[in-house]
Amino acid sequence: MNKPLLIISCCVLTACASTGGNPQDPLEPMNRAVFSFNDKADQYVLKPVAEGYRFITPQPVRTAVGNVFDNLRDVYSLANHAIQLEGKKSATDLLRVSINSTFGLFGLIDLATPMGLPSYKATLGDTFAHYGWKQSSYLVLPLLGPSTIRDGTGMGLSFGYSSGSWVFQENRDAAAATIVYGVASREKLLGLDETFDQAALDRYSYMRDAYLQYRNARTGFTPPASQSNPDDDNIDDLVSDDASAPVAAQPASAPQASAPGQ
């Protein structure tokens, strides 16, 4: 899943998110430090660049650029759904990529969605969860933002593939594609930060609880009502079978937003 899309979905999900501690956040001191760094980087670099991109780039061009990256994410989702043995979703991803890459002019135009082919985005983190790694601790990644230990293991692959940097042989071209992807993703979030600031007493806790609620619902993990001291948790123990992790009977479907990343 793309990171900005997740952030939008999280904010929609948790208008009343709590501001207290969370047992899924045993790394809170480190996470808060990284969150503060990301906040400053966004304030002084990412947001101004995204605003400039919106100002000088016409809406149709921005939509076309977003469609190209979305098409690449469908390719990445196809690989993950195939690994998960999700036949229906794999077939849908394949049809979306085929139609948008050919008749949609290499993904510039999204023809698949109006044709009734839904977008099932999946990441390596979803694949890990599919095979049992449902419970995972919260982790804030530099520049990439909210994640978990599980999701973060595939974040580099997800970001690199979705940006299309793997297509280019020259490092500078790959870097340029990655930058464009990041700027285009941030541009779609402009305007949400004001709403976020107004809704949150503690911005870090709000984002954390929102992200965990979204990911837990998507992976089918139900946090226990009470846990022992989270400082006693062993991160390595999280990569175990889910025999000791309560799992919801039916995973909740994630909201789709048109808006980062995992």
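How are α2 and α10 oriented relative to each other, roughly parallel or roughly perpendicular? Keep in mind that we're looking at a predicted model. Two packed helices are described by the angle between their axes and the distance between the axes. Here α2 and α10 pack at about 105°, and their axes lie 11 Å apart. Since angles from 65 to 115 degrees count as roughly perpendicular, that is the label that α2 and α10 therefore get.

Who does the touching? On the α2 side it's E28, N31, R32, F35 and D39, while α10 brings R203, Y204, S205, M207 and R208. Sort the residues of this contact by class and you get three nonpolar, two polar and five charged.

Some of these residues turn up again in the largest nonpolar core, which has 10 residues: V34, F35, Y138, V140, F196, Y204, Y206, M207, Y211 and L212. Three elements give two or more residues to this core, namely α2 (28–56), β1 (138–141) and α10 (203–219). The largest share, five residues, comes from α10. Y204 is a good one to click on: leaving aside residues up to four places away in sequence, Y204 touches D25, E28, N31, R32, F35, Y138 and V140. There's also a second, separate core of six residues, with F69, L72, Y181 and V183 among them.

Now follow β1 onward. This strand pairs with β2 (residues 145–148) in the antiparallel sense, over four bridges. One of the bridge partnerships joins L141 to G145 in β2. The hairpin has three residues between its strands, and in it L143 takes a positive phi near 70°.

That hairpin leads us back to helix α2, where N38 sits. N38 and L143 are 105 residues apart in sequence, yet their C-alpha atoms are 5.4 Å apart in space. Again leaving aside residues up to four places away in sequence, N38 touches V140, L141, P142, L143 and G145. Is N38 buried or exposed? Buried means under 20% relative accessible area, and N38 has 11%, so it counts as buried.

A last stop is P26, in the loop between α1 (3–13) and α2. With a relative accessible area of 16%, P26 is buried too. Its C-alpha atom is separated by 9.2 Å from that of L139, although the two residues are 113 apart along the chain.

Terms used: Residues are numbered from 1 along each chain as its sequence is written. This is a predicted model: local features need pLDDT of at least 70, side-chain atom pairs count only at pLDDT 80 or more; totals for chains, interfaces and linings use all residues. Side-chain values use heavy atoms; hydrogens and water are left out. A nonpolar core is a set of buried Ala, Val, Leu, Ile, Met, Phe, Trp, Tyr and Cys residues joined through side-chain atoms within 4.5 Å. Buried means under 20% relative accessible area, exposed over 50%, partly exposed in between (1.4 Å probe, protein chains only). Contact means heavy atoms within 4.5 Å. Axes are lines fitted to C-alpha atoms, for helices over the stretch in contact, and angles run from 0 to 180 degrees between N-to-C directions. Angles under 35 degrees count as roughly parallel, over 145 as roughly antiparallel, 65 to 115 as roughly perpendicular and the rest as oblique. Ala, Val, Leu, Ile, Met, Phe, Trp, Tyr, Cys and Pro count as nonpolar, Asp, Glu, Lys and Arg as charged, and the others, Gly among them, as polar. Two strands pair if DSSP finds at least two bridges between them.
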